[in-house]
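Thanks for coming. I will walk through one structure today, going helix by helix and then on to the core and the pocket.

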Amino acid sequence: MKNVLIYNRLENNLRYTDKVLLNSLKAQVDNSLRFGWKRSDIVIGTNFDFEYNGVKNYELKNICYHNPFFNKFYGMLELMDSGVLDDDYWFHDQDAWQINKITPPKFDGEIAGCTYVFTPEWNTCSMFIKKTATEVIRYIVKFMEMNSSFKVQSDENWIAYLRKNTEISPYFTTINN
């Protein structure tokens, strides 16, 4: 299993200062190594150079500018298509932290996620994705591109829709949070 983080800097929506972002990525690398991840299994996809403690980023070219939250799926697809992600993986945001040893859950479908405590919507800051999910991720990215004129707050809004209303809904599995 791979440990995957994706973050693209966008001039139109700078959520984190460079210092906070880079320190967060460095801390994620250190935290992952502390929990026993191999450097070769830590995959960081960015549109800027990053290297720390033996882990170097993979440069992403397909950037989503109309909604910064969509970049996690754009990055997953690019890394899967390029062969970098050739194993099942745990995707998490740079501000979602591993606090215990992870045993990958067994689940039906291709993508597993947890709901928020008080809503049925997934919190997409942490998901498990099978290496066979490329076409599902491609569907999500194409859907986001085709609906770019519809303004949603985050990728979670579209994932909630796709989980309930489309032909790919069977590929999503909600796991125990």
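Let me start with helix H1, residues 18–34. H1 has 17 residues and reaches 24 Å from its first C-alpha to its last, close to the 24 Å expected at 1.5 Å a residue. Please keep in mind throughout that this is a predicted model.

Which residues of H1 are buried? They are Leu-21, Ser-24, Leu-25, Gln-28, Val-29, Asn-31, Ser-32 and Leu-33. These buried residues pack against five strands: E1 (2–7), E2 (42–46), E3 (51–52), E4 (55–56) and E6 (89–92). After H1 comes Gly-36, with a positive phi near 95°.

Two of those strands, E3 and E4, are joined by a loop, and Asn-53 sits in that loop. Asn-53 is not a glycine, yet its phi is positive, about 50°. Is Asn-53 buried or exposed? Its relative accessibility is 35%, so it counts as partly exposed.

Next is helix H2, which is mostly covered, with 10 of its 11 residues buried. The buried set is Asn-71, Lys-72, Phe-73, Tyr-74, Gly-75, Met-76, Leu-77, Glu-78, Leu-79 and Met-80. As with H1, a glycine with positive phi comes afterwards: H2 is followed by Gly-83, with phi near 90°.

I will pick out two residues of H2. One is Glu-78. What does Glu-78 touch, if we skip residues up to four places away in sequence? The answer is Glu-59, Leu-60, Lys-61 and Asn-62. For Asn-62, the separation from Glu-78 is 16 residues in sequence and 7.1 Å in space, C-alpha to C-alpha.

The other is Met-76. Leaving aside neighbours within four places in sequence, Met-76 is in contact with Ile-6, Leu-85, Tyr-89, Phe-91, Met-127, Ile-129 and Ile-137.

That brings us to the core. In soluble globular proteins, nonpolar side chains tend to be buried together. Here the largest nonpolar core has 34 residues, and the ones that touch the most other members are Phe-73, Met-76, Ile-111, Ile-137 and Ile-140. Which elements each supply at least two residues of this core? They are E1, H2 (71–81), E6, E8, H3 (134–146) and H4 (155–165). Apart from this core lies another, of 19 residues, including Tyr-7, Leu-21, Trp-37 and Ile-175. We met Leu-21 earlier, as one of the buried residues of H1.

Helix H3 is next. H3 has 13 residues and spans 18 Å from first C-alpha to last, close to the 18 Å expected at 1.5 Å a residue. Its buried residues are Thr-134, Val-136, Ile-137, Ile-140, Val-141, Phe-143 and Met-144. Among the elements that cover them are H2, E7, H4 and strand E9 (172–174).

Between H3 and H4 there is a loop, and Ser-148 lies in it. Ser-148 counts as partly exposed because its relative accessibility is 27%. Along the chain Ser-148 is 84 residues from Cys-64, while their C-alpha atoms are 9.6 Å apart in space.

In H4 itself I will mention Tyr-161. Is Tyr-161 buried or partly exposed? Its relative accessible area is 36%, and buried would need under 20%, so Tyr-161 is partly exposed. Not counting residues up to four places away in sequence, Tyr-161 touches Phe-143 and Thr-166. Phe-143 is one of the buried residues of H3. By contrast with those contacts, here is a plain distance: Tyr-161 and Glu-135 are 26 residues apart along the chain, and 18 Å separates their C-alpha atoms.

Last, the pocket. Rolling a probe the size of a water molecule over the atoms shows where empty space is left. The largest pocket in this model has a volume of about 470 Å³. It is lined by 21 residues, and the closest to its centre are Trp-90, Ile-102, Cys-114, Ser-126 and Phe-128.

What is the lining made of, by class? There are 12 nonpolar, eight polar and one charged residues. Strands E7 (111–115) and E8 (122–129) each supply at least two residues of the lining. The largest share, four residues, comes from E8. E8 also supplies at least two residues of the largest nonpolar core.

That is the tour, and I can take questions.

Note on methods. Residues numbered from 1 in each chain as written. Predicted model: local features only at pLDDT ≥ 70, side-chain atom pairs only at ≥ 80, totals over all residues. Heavy atoms only, no water. 1 Å grid on protein atoms, 1.4 Å probe; cavity = no way out; pocket = protein on both sides within 12 Å on 5 of 7 lines; lining within 4 Å. Points joined across faces, edges and corners; volume = space filled by probe spheres on them. Nonpolar A, V, L, I, M, F, W, Y, C, P; charged D, E, K, R; others polar. Expected span 1.5 Å × (residues − 1). Buried < 20%, exposed > 50% of the residue type's maximum accessible area, 1.4 Å probe, protein only. Contact = heavy atoms within 4.5 Å. Core = buried A, V, L, I, M, F, W, Y, C linked by side-chain atoms within 4.5 Å.
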